[in-house]
Amino acid sequence: MKADKTAGQLPLKLPFIASQSLDDFFVSESNKEAVEWLNRFPDWPSSGLVLCGESGSGKTHLAKVFAASTGCAVEEDIDMNCDDSRQRAVFHLFNSVKERGGHILLTARSMQDIQRAVTLPDLKSRIMACTPVELGLPDDELLAAVLVKQLADRQIIIDGDALKYAIRRVRRSFAAVRDLADKADSLAMALGRRITVPVIRQALGAEQDAGD
């Protein structure tokens, strides 16, 4: 993975899959640090890296693209659904990775959530020895780039006013942007119109305009 810091995009040779991946992974201030750390792979200060971020920050998206590009072992949401059997399985995975001199990527909401969720002492010590990297929620630049790309893959161009309107109101997550693109596409086709502010307003839902 090589970041193009001037263009603000991380080109990946992967097919476009609307649910999880993009031809291009867009880099902005909210994920730049995480992308730079992943670009250092396998030259990490430890054998593991933990991507930390709230729901909607894009950690799952980034982890899946990274795993597909590198073949690195990945365990998502280690701070959730972490019963005894999963903890033992992840502990064995750590041991396997160490034996072959490999690396592991984890995702979680925060290191504090991991400390609370993981009760197996040996596993907790291994995870806490990993390098934590924070992901912020997607910023306007990143959300705009993803929405334009989602619509472009549907052969749709959104006008500038509609794009600005959408980014000011859409929830700060990639899932919300994908959902908005789907709804706007369907509405534009049904109405026989291009995607304008009224189409975006309807796609977002009247309740989002209540506070305007």
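Cysteine 72 is buried in this predicted model, with a relative accessible area of 9%. Cysteine 82 counts as buried as well, at 14% relative accessibility. A disulfide is a covalent bond between the sulfur atoms of two cysteines. The structure holds zero disulfides.

**Salt bridges**

Let us turn to the charged side chains. Side chains of opposite charge can pair when their charged atoms come close. How many salt bridges does the structure hold? The count is eleven, and the table sets out three of these pairs.

| Pair | Closest N and O atoms |
|---|---|
| Lysine 64 and glutamate 76 | 3.2 Å |
| Arginine 109 and aspartate 113 | 3.8 Å |
| Aspartate 140 and arginine 172 | 2.1 Å |

We can start with lysine 64, which forms a salt bridge with glutamate 76. This pair links distant parts of the chain, with the two positions twelve residues apart in numbering: lysine 64 belongs to helix α2 (residues 59–70), while glutamate 76 is in the loop between β4 (73–75) and α3 (84–99). Lysine 64 is partly exposed, at 35% relative accessibility. Glutamate 76 is partly exposed too, at 22%.

The side chains of aspartate 140 and arginine 172 meet in another salt bridge, at 2.1 Å from N to O. Here the partners are 32 residues apart and again link distant parts of the chain: aspartate 140 is in helix α6 (residues 140–152), and arginine 172 is in the loop between α7 (160–169) and α8 (174–191). Aspartate 140 has a relative accessible area of 44%, so it is partly exposed. Arginine 172 also counts as partly exposed, at 28% relative accessibility.

Some of these contacts join up. Salt bridges that share partners connect Asp79, Arg109, Asp113 and Arg116 into one network. Within it, arginine 109 and aspartate 113 form a salt bridge, their closest N and O atoms being 3.8 Å apart. Are these two partners buried or partly exposed? Arginine 109 is partly exposed, with a relative accessible area of 32%, whereas aspartate 113 is buried, at 16%.

**Aromatic rings**

The aromatic side chains come next. The count comes to three aromatic pairs. In one of them, the rings of phenylalanine 41 and tryptophan 44 have their centres 5.3 Å apart; their planes meet at 65°, so the pair is edge-to-face. Phenylalanine 41 is partly exposed, at 26% relative accessibility, while tryptophan 44 is buried, with a relative accessible area of 8%.

Phenylalanine 41 also pairs with phenylalanine 66: the ring centres are 5.3 Å apart and the planes stand at 85°, so this pair is edge-to-face. It links distant parts of the chain, since phenylalanine 41 is in the loop between α1 (32–39) and β3 (48–52) and phenylalanine 66 is in helix α2, 25 residues apart. Phenylalanine 66 is buried, with a relative accessible area of 0%. Together, Phe41, Trp44 and Phe66 form one aromatic cluster.

Which charged residue sits over the ring of tryptophan 37? It is arginine 40, whose charged end is 4.1 Å from the ring centre. A similar arrangement can be found at tyrosine 165, where arginine 169 lies over the face of the ring, at 3.7 Å from its centre.

**Backbone details**

A few backbone angles are worth a look. Most residues other than glycine have a negative phi, and most peptide bonds are trans. Phenylalanine 41, a member of the aromatic cluster, is joined to proline 42 by a cis peptide bond, with omega at about 5°. Proline 42 is found in the loop between α1 and β3.

Where is aspartate 77 found? This residue is in the loop between β4 and α3. Its phi is near 50°, a positive value in a residue other than glycine. Aspartate 77 counts as partly exposed, at 26% relative accessibility.

Asparagine 81 lies in the loop between β4 and α3. It has a positive phi of about 50° although it is not a glycine. At 71% relative accessibility, asparagine 81 counts as exposed. Glutamate 76, the salt-bridge partner of lysine 64, is in the loop between β4 and α3 as well.

Methods. Residues numbered from 1 in each chain as written. Predicted model: local features only at pLDDT ≥ 70, side-chain atom pairs only at ≥ 80, totals over all residues. Heavy atoms only, no water. Salt bridge = Lys/Arg side-chain N within 4 Å of Asp/Glu carboxyl O. Helix = DSSP H or I, 4+ residues; strand = E, 2+ residues; numbered from the N terminus. Buried < 20%, exposed > 50% of the residue type's maximum accessible area, 1.4 Å probe, protein only. Disulfide = S-S within 2.5 Å. Phe/Tyr/Trp six-rings, centres within 6.5 Å; stacked < 30°, edge-to-face > 60°. Lys NZ or Arg CZ within 6 Å of the ring centre and 35° of its normal.
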